[in-house]
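Here is a short report on one helix, one chain contact and one pair of domains. Keep the structure open as you read.

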Amino acid sequence: MTTDTNFPAPRLIGTEGLDDLYQALVAEGYRVIGPTVQDGAIVLRELRSAAELPFGWGVRLEPGGYRLRRRDDQAAFAHSAGPQSWKQFLHPPRERLWSAVRTPDGGFDLSDQPEGEPARYAFLGVRPCDLRAIAIQDRVLAQPGSRYAARRARLFIVAVNCTEPGETCFCASMGTGPGAEGGYDLALTELMEDGGHRFLVRAGSAPGAAVLGKLGGEQADDATVGTAQSALEAAADRMGRQMPAGDLRELMADSRQAAHWDDVAARCLTCGNCTMACPTCFCTAVEDTTDLTGDHAERWERWDSCFDLDFSYLHGGSIRRSGGSRYRQWLTHKLGTWHDQFGSSGCVGCGRCIVWCPVGIDLTEEVRALHAERERES
Amino acid sequence: MTAVPPPMRPARYVVAGRHAETHDTVTLMLRPVESPIDPPRPGQFTMLYAFGVGEVPVSLSGFERGHVLVQTIRAVGAVTRALCAAAPGDMIGVRGPFGTDWRLSIADGRDVLIVAGGIGLAPLRSVVLTALDQRARYDRVVLLVGSRSPDDLIFTRELETWQRRGADVRVTVDHGHPGWEGHVGLVTGLIENAIADPADTAAFVCGPEIMMRLSADILVHCGVPASDIRVSLERNMRCGAAVCGHCQLGPLLLCRDGPVVSYAEAAPLVSVKEL
């Protein structure tokens, strides 16, 4: 899925074009997942129609705070990242790996057939930050033959360029947004100009180009393409936050013994919300279970969190007992050692960990403090 | 249908032999029921599954004809207790082999110094056997074995054989008991005297982390380059495929980048508390 200049020119569609897009994806056999309002938040779930998109809703974000708000317009994608990310579909929170039955001779038989074909998802409304998050999880989880790889290979992505960054967003300083650069089948830019509520649609793959051909609308003129581009440039300048500049990988390695971890530990509840909300956090645990007869066993994989005391358990006790060491593990992995392990940063600047932290810990502020401590000590 | 890929699916093995090493440690010989796992290299580990109980990482102690895995297990929790209780004929699930090996080739033409603490001798057994099988490739082969008490010594049947085959085996216990005529003291106390030419020595160390750190620091202090010291580290290995995140030690995912690493790499990491 690379962006190719050979794909058809971008087109302009109206809001009814979103219906056409939804129908085209359903006709192709996809389960369409997208943002919608539910339980006071914008959640990601299977959509019954394009009308379920959160038209006219925005959000107000702050450290430890998330509120929906009515917008003055009917924009569908003018909200920032919500509590969930797309990983819950590609990398489900809980999944059975295999089951086994005891045989009469005391041995066991193993069955590793999962329930049904891997789902064919179409993600409608993937932000550039989340697009990068999917690419980052690919590098960890898309091992040949894995269930993740199977779901990923069937995935259709409709990205949405971000023209309304939130108060806790910092994708521009992480180099992941606000515009999508490849890795999508289609990319939308929502335009609320004098010409009405329209979407500029660009194809980034052959399947994307095929769907684009079914959308109607009109070919976009240069002026409109330029307007969309300026909207993205303006968005980059309106980021609510900024990750401090500099080599974060080096800063994390230099900060292993920093006193600041104790400062964070005094606030951090080690609840693990940040790891659940983070679109790149991938850690899992396995659970081996049996039924009451003891003759049927199963192995389940479930999301785990490095904030859990058991995460680093060895016989005799856990390695990371203090809250400070667990926050250090999370942050230094995300921003530092992720590079060593998987060739990129593990942070995309979506801001979810700031919003969904119950005590409002802001990683950009913690990085700033670590930076200051290193300056003082040197 | 997409089946679970081999790294996550256990292969079935049966217990072909069982030897009680000490009151809490057992060596199992595991024979494949169907297609075996890939041949392991010395230092690698497997994930052993006790039906319905769970799975634990265990370093290989040996690999024998017929794809038989030799695995020495100390009962310290529910899964290891179930594995230690396995009788000949019982079925065990095996995934692997995973991780890095001892890289014995760094000792070619030089002295091999093996330092083992407690159950740490188990992963080093294949180093001893490999070195003795190719005895002429190395200069001196010295094995230092430490254990808490004479009763906690493992592979006691083999220590003499190894001595006969050309290894210089020196055993010490932290606490002796009446009748013990051997050395008493920590294994770290034997290191300095065991080194002939530090620049021409490659060391292989396994035991509790504190013992490995102290041993490696003494070796470095005596002039053995940190890059010629190999240690086998332990963290919470779960998946073996570098996808579950549990076995991280700084930049390392120990199920993939370890368990055996050079002390040059390990020293800055194991010296940080709770890393």
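The report starts with a helix of chain A and then turns to the contacts.

This is a predicted model, in which local features need pLDDT of at least 70, side-chain atom pairs count only at pLDDT 80 or more, and totals for chains, interfaces and linings use all residues. Residues are numbered from 1 along each chain as its sequence is written, with chains lettered from A and ligands numbered from 1 in the order in which they are written.

**Helix H1 of chain A**

Helices (H or I, at least four residues) and strands (E, at least two) are DSSP runs, numbered from the N terminus. In H1(A), Leu18(A), Leu21(A), Tyr22(A) and Leu25(A) are buried (20 or more other C-beta atoms within 10 Å of the residue's own, C-beta atoms being placed from the backbone). These buried residues fall within an arc of 100° seen down the axis of H1(A), so they line one face of the helix; the arc is that of the directions from the helix axis to the C-beta atoms. Glu16(A) and Ala27(A), on the other side, are exposed (12 or fewer such atoms). Gly29(A) follows H1(A), and its phi is positive, near 95°.

**Contacts**

Two residues are in contact if their C-beta atoms, placed from the backbone, lie within 7 Å. Chain A brings 45 residues into contact with 35 residues of chain B.

Chain B has two assigned domains, whose bounds come from an automatic or database domain assignment.

| Domain of chain B | Residues | Residues in the contact between the domains |
|---|---|---|
| domain 1 | 6–98 | 19 residues |
| domain 2 | 104–270 | 20 residues |

Their centres, taken over C-alpha atoms, are 22 Å apart. On the side of domain 1 of chain B that touches domain 2 of chain B, E4(B) gives the most, with five residues.
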